[in-house]
Amino acid sequence: PNLQFRPLFFDAEAIYRALLNVVQNAVDACQLGCVVKIRLVESDEKAVISVIDDGEGIDPRKIGIIFKPFATTKGESGTGIGLPVARKIMQEHAGDIKVSSALGHGSQFTLWMPIRRSRPKNARKAADTSMQKKRF
């Protein structure tokens, strides 16, 4: 299929970092053979990126802490800053991150932000990078 997105203005490096943190968590949550899917949906009002894994899911008792700095469910292998940093980046873009999870069935992290079709007047030039200019 020919997928074509209209230019969006945002801090590409920051959004890349937020997405990388969420994807890395999804990969870490998966065992051999699990699948991590990334989906982008664009509407007139917002861009939505979903990161979906079919890993073990998140314990419902821990959902409330995953966005708190230095709280980790990975033991000594995690720093507890990836998800809080990702959320802060999305909030700085007037968006947020939501999570839904079911034990034994995986998790879905949904990153969203309002769409800007033109360069904000007070934005730094380095932050004015469209999605089409960034290669992943």
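## Exercises: two helices and a surface patch

In this predicted model, the axes of helix α1 (residues 12–29) and α2 come within 9 Å and cross at roughly 145°. Let's work through what surrounds that crossing.

**Exercise 1.** Describe how α1 and α2 pack, and find which residues meet.

*Solution.*
- Start with what to report: two packed helices are described by the angle between their axes and the distance between the axes.
- Here the angle is roughly 145°, and the axes come within 9 Å.
- Next, add the handedness: α1 passes α2 in a left-handed crossing.
- Finally, look at the residues. From α1, Ala-14, Ile-15, Arg-17, Ala-18, Asn-21, Val-22 and Asn-25 take part, and they meet Gly-82, Leu-83, Val-85, Ala-86, Ile-89 and Met-90 of α2.

**Exercise 2.** Where is Ile-81 placed, and which nonpolar surface patch does Ile-81 help to make?

*Solution.*
- Locate Ile-81 first: this residue sits in the loop between β3 (46–53) and α2 (82–92).
- Then check its cover. The relative accessible area of Ile-81 is 38%. Because buried means under 20% and exposed means over 50%, Ile-81 counts as partly exposed.
- A residue needs over 30% to belong to a patch, and Ile-81 joins Phe-70 and Val-85 in a nonpolar one of about 280 Å².

**Exercise 3.** Place these details in the whole protein: which pattern do its helices and strands follow?

*Solution.*
- Count the elements: there are two helices and six strands.
- Read them along the sequence to get β-α-β-β-α-β-β-β.
- Turn to burial: of the 136 residues, 37% are buried.
- End at the surface: about 9000 Å² is exposed, with 54% supplied by carbon and sulfur atoms.

Methods: Residues numbered from 1 in each chain as written. Predicted model: local features only at pLDDT ≥ 70, side-chain atom pairs only at ≥ 80, totals over all residues. Heavy atoms only, no water. Patch = residues over 30% accessible without salt bridge, like charges linked within 9 Å, V, L, I, M, F, W, Y side chains within 5 Å. Areas by Shrake-Rupley, 256 points an atom, 1.4 Å probe, with all protein chains shown as cover. Salt bridge = Lys/Arg side-chain N within 4 Å of Asp/Glu carboxyl O. Helix = DSSP H or I, 4+ residues; strand = E, 2+ residues; numbered from the N terminus. Buried < 20%, exposed > 50% of the residue type's maximum accessible area, 1.4 Å probe, protein only. Axes fitted to C-alpha atoms, helices over the stretch in contact; angles between N-to-C directions. Left-handed = near helix turned anticlockwise from the far one by under 90°. Contact = heavy atoms within 4.5 Å.
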